[in-house]
Amino acid sequence: MLRECRTLVTGGAGFIGSHLCECLLERGDHVICVDNFYTGTRRNVHHLLSNPRFELMRHDICFPLYIEVDEIFNLACPASPIHYQCDPVQTIKTSVHGAINTLGLAKRVRAQILQASTSEVYGDPHVHPQPEDYWGNVNPIGLRSCYDEGKRCAETLSFDYRRQHNLRIKVARIFNTYGPRMRPDDGRVVSNFIVQALRNQSITIYGDGHQTRSFCYVEDLVKALLLLMATPDDVTGPLNLGNPEEFTIRELAETVIALTGSSSTIVHLPLPADDPRQRCPDISKAQKLLGWSPKVRLRDGLMKAIEYFDQLLGGKKARIARPSWVFANG
Ligand SMILES: NC(=O)c1ccc[n+]([C@@H]2O[C@H](COP(=O)([O-])OP(=O)(O)OC[C@H]3O[C@@H](n4cnc5c(N)ncnc54)[C@H](O)[C@@H]3O)[C@@H](O)[C@H]2O)c1
């Protein structure tokens with residue numbers, strides 16, 4: 001009989017992690033979901049709790065973890081600016097101590113490990129779109145640095161563990177991802193706009209709205225993470241994972257208004273510090289190595305996210321006007 005793969009997902013009760021746990025269970029893994037519920041919630045994995053192959057463990061990855069696993073997806077880290085800037089020291093600790101602890105675990109049990117990195121390692125890039133060999137333009141002392149530099153250090157640690165301890169590592173540079181189970185209050189542009197539109201509140205655009213972003217639906221992203229983990233040992237990444245189709249923030253706002261049938265109007269606020277003008281992945285490496293490219297069109301993905309937020313906010317009839325969420329277009 002084949003032994004099932006024991007897979008650890010740190011940050012498994014978060015937005016991307018909960019979708020990843022679902023997919024891993026579907027493929028037959030025994031999934032250990034570790035989370036300290038800083039930004040994730042038990043609700044995100046509640047439907048998985050009755051599965052005998054699913055274990056939920058409350059644990060902070062800043063502390064070592066002693067378990068037996070075959071594969072590790074290290075996703076634990078707050079991902080939205082309002083959450084990672086709220087306690088910046090904890091954010092760096094999660095990235096750096098968290099990487100050391102999960103890499104240390106991988107070393108002890110000879111597990112393969114995938115580190116979730118981010119497009120933020122490119123900072124405010126001078127090159128568009130960004131290929132993996134671009135080293136980035138990162139402010140080391142700004143408000144975003146706790147996240148950007150923390151992730152850069154997690155990447156460094158992954159490659160040092162490979163060079164020094166021959167560990168099987170994979171590094172995924174994730175670009176803007178959206179979908180059901182994002183938090184309504186996380187200040188990320190897709191969730192902000194949807195919540196504002198569902199409440200018929202003004203949609204806040206930071207800056208003139210001509211800055212572009214690319215948006216990857218969570219199902220596409222999770223497929224790429226699984227494919228990357230399944231590549232031969234010499235494929236380490238870093239690999240850009242995202243959707244290269246670019247939309248301006250204004251286009252996104254207009255699409256959300258149209259799809260929700262909202263009466264919201266658009267208002268403009270000043271651009272926050274270090275906000276990049278353009279963010280677009282070059283995914284040619286992922287296309288070649290994984291045979292992957294995103295399939296879900298923005299309108300289709302947005303519809304699924306809108307359904308989720310509509311339910312979360314109590315459905316159409318329960319929509320009431322509340323004070324605006326005033327966060328950055330992150
Ligand atoms: N969503 C995106 O667009 C995006 C883009 C780039 C990179 N990423 C990366 O993907 C990963 C998942 O992001 P997400 O969008 O699902 O964010 P999320 O905030 O929904 O999930 C992160 C999870 O990690 C948990 N966590 C935080 N600190 C922890 C700690 N010290 N110990 C244990 N658990 C901890 C949180 O409670 C949460 O459940 C993160 O590493 C993030 O940096 C996400």
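**Exercise 1. Two prolines**

Proline 238 sits in the loop between helix H6 (218–229) and strand S11 (239–241); which kind of peptide bond joins glycine 237 and proline 238? Then do the job again for proline 129.

*Solution.* Before we start: this is a predicted model, where local features need pLDDT of at least 70 and side-chain atom pairs pLDDT 80 or more, while totals for chains, interfaces and linings use all residues. Numbering runs from 1 along each chain as its sequence is written, and side-chain values use heavy atoms, leaving out hydrogens and water.

Step 1: look at omega between glycine 237 and proline 238; at about 5°, the bond is cis.
Step 2: go to the loop between strand S5 (112–118) and helix H4 (145–165), where proline 129 is placed. Helices and strands here are DSSP runs (helices H or I, at least four residues; strands E, at least two), numbered from the N terminus.
Step 3: the peptide bond from histidine 128 to proline 129 has omega near -20°, and it's cis.
Step 4: why bother flagging these? Because most peptide bonds are trans.

**Exercise 2. Positive phi**

Find phi for phenylalanine 37 and asparagine 200, then decide how buried or exposed each residue is.

*Solution.* Step 1: phenylalanine 37, in the loop between strand S2 (30–35) and strand S3 (54–58), has a positive phi of about 60° without being a glycine.
Step 2: its relative accessible area is 17%, so phenylalanine 37 is buried (buried means under 20%, exposed over 50%, partly exposed in between, with a 1.4 Å probe and protein chains only).
Step 3: asparagine 200, in the loop between H5 and strand S8 (203–206), isn't a glycine either, yet its phi is positive at about 55°.
Step 4: asparagine 200 comes out at 42% relative accessible area, so it is partly exposed.

**Exercise 3. H3 against H4**

How do helix H3 (residues 88–109) and H4 pack?

*Solution.* Step 1: their axes (lines fitted to C-alpha atoms, for helices over the stretch in contact, with angles from 0 to 180 degrees between N-to-C directions) lie 9 Å apart at an angle of about 15°.
Step 2: so H3 is roughly parallel to H4 (under 35 degrees is roughly parallel, over 145 roughly antiparallel, 65 to 115 roughly perpendicular, the rest oblique).
Step 3: pick out contacts, meaning heavy atoms within 4.5 Å. The H3 side includes Ile92, Val96 and Leu103, and the H4 side includes Cys153, Leu157 and Tyr161.
Step 4: sort the contact residues of H3 with H4, and you get 12 nonpolar, 6 polar and 2 charged.

**Exercise 4. H5 against H7**

At what angle do the axes of helix H5 (residues 189–198) and helix H7 (residues 249–260) cross?

*Solution.* Step 1: the H5 and H7 axes cross at roughly 40° and come within 9 Å.
Step 2: so H5 is oblique to H7.
Step 3: Val190, Phe193 and Ile194 are among the H5 residues in the contact, with Leu252, Ala253 and Val256 among those of H7.
Step 4: the contact of H5 with H7 sorts into 10 nonpolar, 1 polar and no charged residues.

**Exercise 5. The whole chain**

How many helices and strands does the protein chain have, and what share of its residues is buried?

*Solution.* Step 1: count 9 helices and 13 strands.
Step 2: of the 330 residues, 58% count as buried.
Step 3: box the C-alpha atoms along the principal axes, and you get roughly 55 × 45 × 40 Å.
Step 4: for contacts between residues at least 6 apart in sequence, 81% join residues at least 24 apart.

How values were computed
Nonpolar A, V, L, I, M, F, W, Y, C, P; charged D, E, K, R; others polar.
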